[in-house]
Amino acid sequence: MPVKLIGTLLLLLAGIRSAISLSGYERRRITVLDGYITLLRRIRGQIDCFAMPIDVILRETDPAVLDACRGHPSESGRLPPTTVGPALRLDDLLYESRRWLGPECERLLMEFSAGLGRSFRREQVSRCDVCLSALSEQRRRLADTLPMRVRTGCTLLVTVFLTAAVLLW
């Protein structure tokens with residue numbers, strides 16, 4: 001009997017821990033989008049004002065912004081900001097943050113990255129504006145549905161683990 005009780009409690013705790021992880025994952029997705037929006041605003045400003053190439057812009061970008069794009073928790077102080085090497089590319093940054101981006105955001109950023117630096121300044125600035133407005137809309141939708149997704153996901157996870165505990169009892 002005590003073994004069954006301990007097993008039931010362990011399953012319930014596993015469900016609660018999974019729900020907490022899911023909640024953190026959903027919140028991190030918004031943080032990553034915020035990082036990309038900040039990065040795109042910086043890229044837009046640097047291209048518009050100084051016509052800087054993208055590799056120089058990325059090299060001179062604050063490492064905390066790049067870590068926010070990667071999904072690293074540097075804002076909490078657990079990890080120091082990553083040092084940026086001279087060969088950082090936007091495609092590499094997108095690859096590192098794929099798990100945090102939804103398919104639509106990833107598609108938008110990949111299209112933006114593919115066309116960046118291959119046209120005149122005015123066209124690049126307009127591409128930045130289009131991508132910024134689309135990402136801002138995606139971020140708004142994600143933030144609006146966040147409480148519902150977290151509640152639903154947490155309820156399902158705890159219910160599944162509780163059901164497993166009852167069935168194994």
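**View 1. Gln46 of the predicted model touches Ala51, Met52 and Ile57, leaving out residues up to four places away in sequence.** The model shown in every view is predicted. Gln46 is part of helix 1, which covers residues 2-50. With a relative accessible area of 13%, Gln46 is buried, because the cut-off for a buried residue is under 20%. The view also takes in Val125, which is 79 residues from Gln46 in sequence. In space, the C-alpha atoms of Gln46 and Val125 are 9.6 Å apart.

**View 2. Ala51, just after helix 1, takes a positive phi.** The phi of Ala51 is about 55 degrees, although Ala51 is not a glycine. Ala51 sits in the loop that runs between helix 1 and helix 2 (54-60). The relative accessible area of Ala51 is 51%, so the residue is exposed; the cut-off for that class is over 50%. Ala51 is also one of the residues touched by Gln46, and Gln46 is buried.

**View 3. Helix 1 has the span expected from its number of residues.** Its 49 residues should span 72 Å at 1.5 Å a residue. The C-alpha atoms at the two ends of helix 1 are 70 Å apart, which agrees. Both Arg29 and Gln46 are found in this helix.

**View 4. Arg29 of helix 1 reaches the backbone oxygen of Trp100 with its side chain.** The distance to that oxygen is 3.4 Å. Arg29 counts as buried, at 16% relative accessibility. Apart from neighbours within four places in sequence, the residues in contact with Arg29 are Trp100, Gly102, Leu142 and Arg149. Leu142 and Arg149 are therefore contacts of Arg29 that belong to helix 6, because this helix covers residues 121-168.

**View 5. Arg99 lies in the loop between helix 4 and helix 5.** Arg99 counts as exposed, at 58% relative accessibility. The view includes Arg70, which is 29 residues from Arg99 along the chain. The C-alpha atoms of Arg99 and Arg70 are separated by 9.4 Å.

**View 6. Helix 5 (residues 103-115) and helix 6 (residues 121-168) cross at roughly 170 degrees.** The axes of the two helices come within 10 Å. Helix 5 is therefore roughly antiparallel to helix 6, as angles over 145 degrees are placed in that class. On the helix 5 side, the contact is made by Glu104, Cys105, Leu108, Leu109, Glu111, Phe112 and Gly115. Helix 6 contributes Arg127, Cys128, Cys131, Ala134, Leu135 and Gln138. Eight of the residues in this contact are nonpolar, two are polar and three are charged.

**View 7. Helix 5 holds several buried residues, namely Cys105, Glu106, Leu108, Leu109, Phe112, Ser113 and Gly115.** What covers these residues includes helix 1, helix 4 (90-96) and helix 6. Among the buried residues, Cys105, Leu108, Leu109, Phe112 and Gly115 also take part in the contact with helix 6. An α-helix has 3.6 residues a turn, so residues three or four places apart point the same way. Helix 5 has 13 residues, and its first and last C-alpha atoms are 19 Å apart. That is close to the 18 Å expected at 1.5 Å a residue. Gly117 follows helix 5 and has a positive phi, near 85 degrees.

Definitions and conventions. Residues are numbered from 1 along each chain as its sequence is written. This is a predicted model: local features need pLDDT of at least 70, side-chain atom pairs count only at pLDDT 80 or more; totals for chains, interfaces and linings use all residues. Side-chain values use heavy atoms; hydrogens and water are left out. Axes are lines fitted to C-alpha atoms, for helices over the stretch in contact, and angles run from 0 to 180 degrees between N-to-C directions. Helices (H or I, at least four residues) and strands (E, at least two) are DSSP runs, numbered from the N terminus. Angles under 35 degrees count as roughly parallel, over 145 as roughly antiparallel, 65 to 115 as roughly perpendicular and the rest as oblique. Contact means heavy atoms within 4.5 Å. Ala, Val, Leu, Ile, Met, Phe, Trp, Tyr, Cys and Pro count as nonpolar, Asp, Glu, Lys and Arg as charged, and the others, Gly among them, as polar. Buried means under 20% relative accessible area, exposed over 50%, partly exposed in between (1.4 Å probe, protein chains only). The expected span of a helix is 1.5 Å times one less than its number of residues. A polar contact is a pair of N or O atoms within 3.5 Å; within protein, one must be able to donate a hydrogen and the other to accept it, and residues adjacent in sequence count only if both atoms are side-chain atoms.
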